[in-house]
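This note sets out a few points for a colleague who is meeting this structure for the first time. Please read them with the model open.

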Amino acid sequence: MSSLVVVTGCSVSEPEAKPSSTEPIPAAVATVQPASENEILNAAGTVRLRRETALGFTTDGKVASVRYEEGDRVKRGAILAALDGSTVAADLSAARAERDRAEAEYDRIEKLYKDGWVTKSRLEQSEAAARAARAQIEATEFASRTSYIRAPSSGIILSRNIDAGQIVTAGTTALVLGEIDKGFVLRVPMTDADAARISVGMPAKVLLSAVSDEAVDAVVSEKDGRADERTGTFEVNFLLPASDRLRSGQLGMVEVQVPREGRAAFVIPANAIFGVRTGEGLVFVVDEKDRVQQRNVQIGKLTDRNLEILAGLKAGETIVSRGVEKLRNGDLIKPIRRVR
């Protein structure tokens, strides 16, 4: 039995035989419509700032201060956190002393070499030691300059992972900064099949219940080039219109029209199908005398409340759309059409 029976909840076994009635049986009917060239994809996602940057120190050390909390807004260039500079200062003093010693030693060896008292190899060793001492100065000065974390742009602190007194290692994420001027996006994980049907620039509708009861216009801004190794999904970003009520972490639903896959020819109400088997089902087609004739059709997938029909029907034919369980082949009906 096809899984479609469980999904639609409208599939029933074939109508039971019963004595024929001379009175027409009221039955809802619908006209078979060609399938649209597009279909709707629905997916859930999370609101994030379009650019969220993880910040950290480039050297190991002890945290001296953290100046901002999560949710604080900061300006470009602001010092967000700093390491204890005493160790770095001591290292810099030691490096400078070693540089002075190595350069003095090189000057002495160079004079001895000119007078023929030492070999060229000994001179080259002294020169290499002096270069290494100067390089150590540059490394230590770099560590001194980078003992601070500065905001690369104006934004909002999304995450704070360190506190004063904590020992941190180089490269550890200390803070996460969201760049406000880049706007917000809805980040949506999608399967490879769905992501392949999405392209940058596609329009979409996004519903954020925490912001508004009405869907807002959005557009596909970015799409991952490779799948997440943990989930196997591709992340698709939908750029949202500016709003003071947007916050990172809000949940939303996106609706986007994509080209229809496969060879669906028609769509019918899901309640019109019965006697479902793998890839097949039955419908009642209404003839010109308002009698129903049972017909086998090839079915596709369920989309919203409609069912795709791959073969077995023609555009414009009338079918029973509801109440098929009350009918049998050849019954006379009184067609009831939905008032639009």
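1. In this predicted model, Ser153 is a buried residue, since its relative accessible area of 9% falls under the 20% limit used for that class. Ser153 belongs to the loop that links strand 8 (148-150) with strand 9 (155-160). Apart from its neighbours within four places in sequence, Ser153 has contacts with Lys75, Arg76, Leu177 and Glu179.

2. Strand 9 itself contains Ile156. This residue is also counted as buried, because its relative accessible area of 17% is under 20%. Once neighbours within four places in sequence are set aside, the contacts of Ile156 are Leu49, Gly71, Asp72, Arg73, Val176, Leu177, Gly178 and Ile180. For Leu177, which lies 21 residues away from Ile156 along the chain, the C-alpha separation is 5.7 Å.

3. In which sheet should strand 9 be placed? An open sheet of 4 strands, paired in the antiparallel sense, follows the order 4-11-9-6. Its edges are formed by strand 4 (52-55) and strand 6 (73-74); each has a single partner strand, so one side of each has no neighbour in the sheet. The antiparallel pairing of strand 6 with strand 9 comprises 2 bridges, and Val74 is found opposite Gly155 of strand 9.

4. The second largest pocket should be examined next. Its volume is about 300 Å³. It is lined by 15 residues, of which Arg73, Ile180, Phe184, Leu246 and Arg247 are the closest to the centre. By class, the lining consists of 9 nonpolar, 3 polar and 3 charged residues. Two of the residues closest to the centre, Arg73 and Ile180, are also among the contacts of Ile156.

5. Which residues have the most contacts inside the largest nonpolar core? They are Leu186, Ile198, Phe238 and Leu240, in a core of 26 residues. Two or more residues of this core come from each of strand 3 (38-49), strand 12 (184-190), strand 13 (203-207), strand 14 (216-223), strand 15 (234-239) and strand 16 (251-259). A second core, separate from this one, has 17 residues, including Phe57, Ala78, Ile157 and Val168.

6. Ile198 merits individual inspection. Beyond its neighbours within four places in sequence, Ile198 touches Leu41, Met190, Val220, Lys223, Val236, Val256 and Val258.

7. Strand 13, one of the contributors to the largest core, has two unlike faces. Ala204 and Val206 form the covered face, while Pro203, Lys205 and Leu207 form the uncovered one. This arrangement can be read against a general rule: side chains in a regular strand alternate between the two faces of the sheet.

8. The partners of strand 13 can be described in turn. Strand 13 runs antiparallel to strand 14, to which it is joined by 4 bridges, and Val206 has Val216 of strand 14 as its bridge partner. Strand 13 is likewise antiparallel to strand 16, with 3 bridges between them; here Lys205 is placed opposite Glu255 of strand 16.

9. Some overall values complete the account. The protein contains 4 helices and 23 strands. Of its 340 residues, 37% are buried. Among contacts with a separation of 6 or more, 73% are between residues 24 or more positions apart.

Definitions and conventions
Residues numbered from 1 in each chain as written. Predicted model: local features only at pLDDT ≥ 70, side-chain atom pairs only at ≥ 80, totals over all residues. Heavy atoms only, no water. Core = buried A, V, L, I, M, F, W, Y, C linked by side-chain atoms within 4.5 Å. Buried < 20%, exposed > 50% of the residue type's maximum accessible area, 1.4 Å probe, protein only. Contact = heavy atoms within 4.5 Å. 1 Å grid on protein atoms, 1.4 Å probe; cavity = no way out; pocket = protein on both sides within 12 Å on 5 of 7 lines; lining within 4 Å. Points joined across faces, edges and corners; volume = space filled by probe spheres on them. Nonpolar A, V, L, I, M, F, W, Y, C, P; charged D, E, K, R; others polar. Pairing = 2+ DSSP bridges.
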